[in-house]
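Biologist: Before I rely on any label attached to this model, I would like to hear the reasoning behind it. Could you take me through the calls one by one?

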Amino acid sequence: ALLGLGPGAGAPSCPHGPALLFVKTSQEKEGGRRFYACSACRDRKDCNFFQWEDEKVSETRLAAREEYNRNHQPSLTHRQNVERYQNFVLLPLSKRRFCQECQQLLLPEEWEKHLDHQFLCDISTAQLKSPSQLLYPLENKKTNAQYLFADRSCQFLLKLFTDLGFRRVLSVGTPRLHEMIQSKASQEEDFRIRSLLLDIDFRYSQFYTEDEFCHYNMFNDYFFGGEAARETCRKFLSEDNDERVIMVTDPPFGGLVEALASSFKKLMTMWKEAGKEDHDNKEMPMFWIFPYFFESRILDFFPSFSMMDYQVDYDNHALYKHGKKGRRQSPVRIFTNLTPSMIVLPVEEGYRFCTICQRYVSSGNQHCEICNSCTSKDGRPWKHCMLCKKCVKPSWFHCSNCNCCALQNHICEQTDAACFVCGKAGHKRSACPSLSHT
């Protein structure tokens, strides 16, 4: 099993920035050998970086690695891409082409190199303002997982930020939201919100200036543009004229929660340091968008957060769609450190305000008198189990063998079976004490 140990000081780097330290544990022996691997790619096919922590790496191999990392960076810099864009928008419509294979805006002198590629012609200004629809989504679940917010979710978030008085949005891995903010700002005179996109997808540098986009890896808090890009982010987070900032992030769901939490805490610290004295005891307002079954993991790292009932849905995901019934509903929720009662959910979509819980809940989420809380996590009414002393899913029943509720046809947990993480008996992987130490 692998336990994320976070970016260590002096960690070696791969093309995606500093590697993370992991420990390989086996059931046979205590402890386990520690190693470095790529922070962004969970699949060795995408980035095969690997180094034992105690391994001595020769100067020759270090030099070769540095050259490899250099050669695996994008061929154009962000600045060059911005200049290309400025030339591209001056072209007449008939000369505006986008190569679908290279995912690149083409200037007329480059057409020849792309003759045998598929390309789109007559790229309009509207298309240039919606790059997330022009670029194909990178749906590799373990690295990019570019499932893009549906319009409904974007509109909801934007209305909420406006109503709550936020004027700047740090969009971490939320290109669709950033795009909508940019578009509204250019079209509506009284629209005051600004956005900065931090994303690992460098293709966006073709459409946004250095003040609008930073190439960023949220698994190790790495700015590919170095100190200048970090400074752009710091400047964005310093609140001039009381323009309040909120951070919104939508990480790949296969990502390590502890690595993400570590990066988000660093961004929060940057906000605190960039701000005024009154930030002393406050946290940067934040929305972390993630499936509800990660609730306990997120609360481990951010005890001030709570989970909202709002179902976030996505355009290009087969399952994560709002309005489906039963178990087909989107499991994606908003975790936030804002006071729950401030977050007004749309009544027309069936959300209602629970006066006891002081928060908006979904229509199927009934208040349990015994728990004194609206307990449902998945939108279906849950039921209280007196033996478990908590509410459980409607399809679960109490099993006297396991001494807890489970599906009716489940295979009973053998408490003498060894834990997959530490190899010891008496608990399951999810409750392994060694997980909480890392």
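**Reasoning behind the labels**

Modeller: In this predicted model, let us begin with D378 and R380, whose side chains meet in a salt bridge with an N to O separation of 2.9 Å.

Biologist: What makes the pair D378 and R380 a salt bridge?

Modeller: The criterion asks for a side-chain nitrogen of Lys or Arg within 4 Å of a carboxyl oxygen of Asp or Glu, and the N to O value for R380 and D378 is 2.9 Å, so the pair qualifies.

Biologist: Are D378 and R380 buried or exposed, and how do you know?

Modeller: Buried means under 20% relative accessible area; D378 has 6% and is therefore buried, and R380, at 14%, counts as buried because that value also falls under the cut-off.

Biologist: Why is the contact between R79 and E83 called a salt bridge?

Modeller: Its N to O value is 3.9 Å, and since the limit is 4 Å, the pair is accepted. R79 and E83 both lie in helix α2 (residues 78–90), four residues apart, which is about one turn of the helix.

Biologist: Why are R79 and E83 called partly exposed?

Modeller: The class lies between the buried cut-off of 20% and the exposed cut-off of 50%; R79 has 39% relative accessibility and E83 has a relative accessible area of 39%, so both are placed in that class.

Biologist: Which salt bridge links distant parts of the chain, and how many salt bridges are found in the whole structure?

Modeller: E243 forms a salt bridge with R168, the closest N and O atoms being 2.7 Å apart. That pair links distant parts of the chain, with E243 in the loop between α7 (226–237) and β14 and R168 in strand β10, 75 residues apart. R168 counts as buried because its relative accessibility is 2%, and a search of the whole structure finds 20 salt bridges.

Biologist: Why is C14 in no disulfide?

Modeller: A search of the whole structure finds zero disulfides. For C14, the nearest cysteine sulfur, that of C38, is 3.8 Å away, and a disulfide needs two cysteine sulfur atoms within 2.5 Å, so C14 does not qualify. C14 is buried, with a relative accessible area of 4%. C388 is likewise in no disulfide, the nearest cysteine sulfur being that of C405 at 3.6 Å.

Biologist: What makes H367 buried, and which residue does its side chain join in a polar contact?

Modeller: H367 has 19% relative accessibility and counts as buried, because the cut-off is under 20%. H367 is found in strand β20 (residues 367–368), and a polar contact of 3.1 Å joins its side chain to that of N372. Leaving out residues up to four places away in sequence, H367 touches R352, C354, I356, C357, N372, S373 and C374.

Biologist: How do you know that the span of helix α6 agrees with its number of residues?

Modeller: Helix α6 (residues 175–187) has 13 residues, which at 1.5 Å a residue should span 18 Å, and its end C-alpha atoms are 18 Å apart, so the two values agree. The buried residues in α6 include P175, L177, M180 and I181, and the buried residues of this helix pack against α4 (131–134), α5 (151–164), β10 (166–172), β11 (194–199) and β14 (244–249).

Technical notes:
Residues are numbered from 1 along each chain as its sequence is written. This is a predicted model: local features need pLDDT of at least 70, side-chain atom pairs count only at pLDDT 80 or more; totals for chains, interfaces and linings use all residues. Side-chain values use heavy atoms; hydrogens and water are left out. Buried means under 20% relative accessible area, exposed over 50%, partly exposed in between (1.4 Å probe, protein chains only). Helices (H or I, at least four residues) and strands (E, at least two) are DSSP runs, numbered from the N terminus. A polar contact is a pair of N or O atoms within 3.5 Å; within protein, one must be able to donate a hydrogen and the other to accept it, and residues adjacent in sequence count only if both atoms are side-chain atoms. Contact means heavy atoms within 4.5 Å. The expected span of a helix is 1.5 Å times one less than its number of residues.
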